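Subject: Structure for you to look at

Hi,

Here is the structure I promised to pass on. Have a look at it first, and then read on for what turned up.

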Amino acid sequence: KPGIHGLWSSWCSRWDYLYVLWWFSARLALVRVEGTPFLNMVLRLAGSRIGRDVLLCHGATQIVDPDMLHFADRSTVACHFQAHSFEDRVLKLDHVRIGVDANAGENAVVFYGAEIGDGATLEAGSVLMKRGTVAAGTVACGVPVQGRLSGCRRRVRRPIPPCGSSNRSRSRRSRPRPRRAPQGDGANPNGRVQSCDRASLGSPR
């Protein structure tokens, strides 16, 4: 259950025993069924609430708090979870929830108390801090994800118009054409004609 427990309490000692037991026994056995529906079945027996058509990608066997995880229907989970934390010699635990049709990107980290809304996406490599929230239908990214409604904009490449299109012809017509300077002995690059005396220039060597 979610809660706050002292480091030297009996509750924390029992949790630490189960943590070591899961890490060195169950996790090694679950690696063989990683990427198959059997992993979902085993995690359900361990206390995880996993909906239908949930895809657990590589790294799902690193879960150490299975009873703190909630994955809704048709969600894709490829991130790492940190459903507990030790802060100032205090153990803190809380639920982690991923909504319907939500996506948790690869190598992203989700801390305890965080929630990814329905249809939301947490980009790969992002960090969702404790009790953070990704609003439904949004795309969030960052290290860490800032704010409650943070999102990252994706660059959209505009298609290049074909040759001879109206847009390109208009842009060419709208550009002013530079004036060409008259050619001659007195012409300079600035387009102004200057008069000069050849005698003042000196005789060529």
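A word on classes before the pocket: Ala, Val, Leu, Ile, Met, Phe, Trp, Tyr, Cys and Pro count as nonpolar, Asp, Glu, Lys and Arg as charged, and the others, including Gly, as polar. Please also keep in mind that this is a predicted model.

With those classes, the lining of the largest pocket breaks down into 11 nonpolar, no polar and four charged residues. The space in this pocket comes to about 310 Å³. It is lined by 15 residues, and Trp15, Leu18, Val64, Pro66 and Asp67 are the closest to its centre. Which helix gives the largest share of that lining? Helix H1 does, with seven residues.

H1 also turns up in the interior. The largest nonpolar core holds 35 residues, and Leu56, Phe71, Phe81 and Ile116 have the most contacts inside it. At least two residues of this core come from each of helix H1 (10-30), helix H2 (37-45), strand S4 (69-71), strand S8 (90-93) and strand S9 (96-98). H1 gives the most, namely four residues. As general background, nonpolar side chains in soluble globular proteins tend to be buried together.

If you want one core residue to start from, try isoleucine 116. Beyond its neighbours within four places in sequence, isoleucine 116 is in contact with Arg97, Ile98, Gly99, Ala102, Ala104, Leu122, Leu128 and Val134.

Next, the sheet. Five strands form an open sheet in the order S2-S4-S9-S12-S15, and the pairing is parallel. At its edges are strand S2 (49-50) and strand S15 (133-134), each of which pairs on one side only. S4 and S9 run parallel and are joined by three bridges. Opposite leucine 69 you will find valine 96, in S9.

One last spot to look at is leucine 55, which sits in strand S3 (residues 55-56). Is leucine 55 buried, exposed or partly exposed? Its relative accessibility is 46%, so leucine 55 counts as partly exposed; the partly exposed class lies between under 20% for buried and over 50% for exposed. Setting aside neighbours within four places in sequence, leucine 55 is in contact with Ser75, Thr76 and Val77. Leucine 55 and valine 77 are 22 residues apart along the chain, and their C-alpha atoms are separated by 6.1 Å.

Happy to talk it through whenever suits you.

Best wishes

Key. Residues are numbered from 1 along each chain as its sequence is written. This is a predicted model: local features need pLDDT of at least 70, side-chain atom pairs count only at pLDDT 80 or more; totals for chains, interfaces and linings use all residues. Side-chain values use heavy atoms; hydrogens and water are left out. A nonpolar core is a set of buried Ala, Val, Leu, Ile, Met, Phe, Trp, Tyr and Cys residues joined through side-chain atoms within 4.5 Å. Buried means under 20% relative accessible area, exposed over 50%, partly exposed in between (1.4 Å probe, protein chains only). Contact means heavy atoms within 4.5 Å. Two strands pair if DSSP finds at least two bridges between them. On a 1 Å grid over the protein atoms alone, a cavity is a set of points where a 1.4 Å probe fits but cannot get out, and a pocket is an open set with protein on both sides within 12 Å along at least five of seven lines; lining residues have an atom within 4 Å of a point. Grid points are joined across faces, edges and corners, and a volume is the space filled by probe spheres set on the points.
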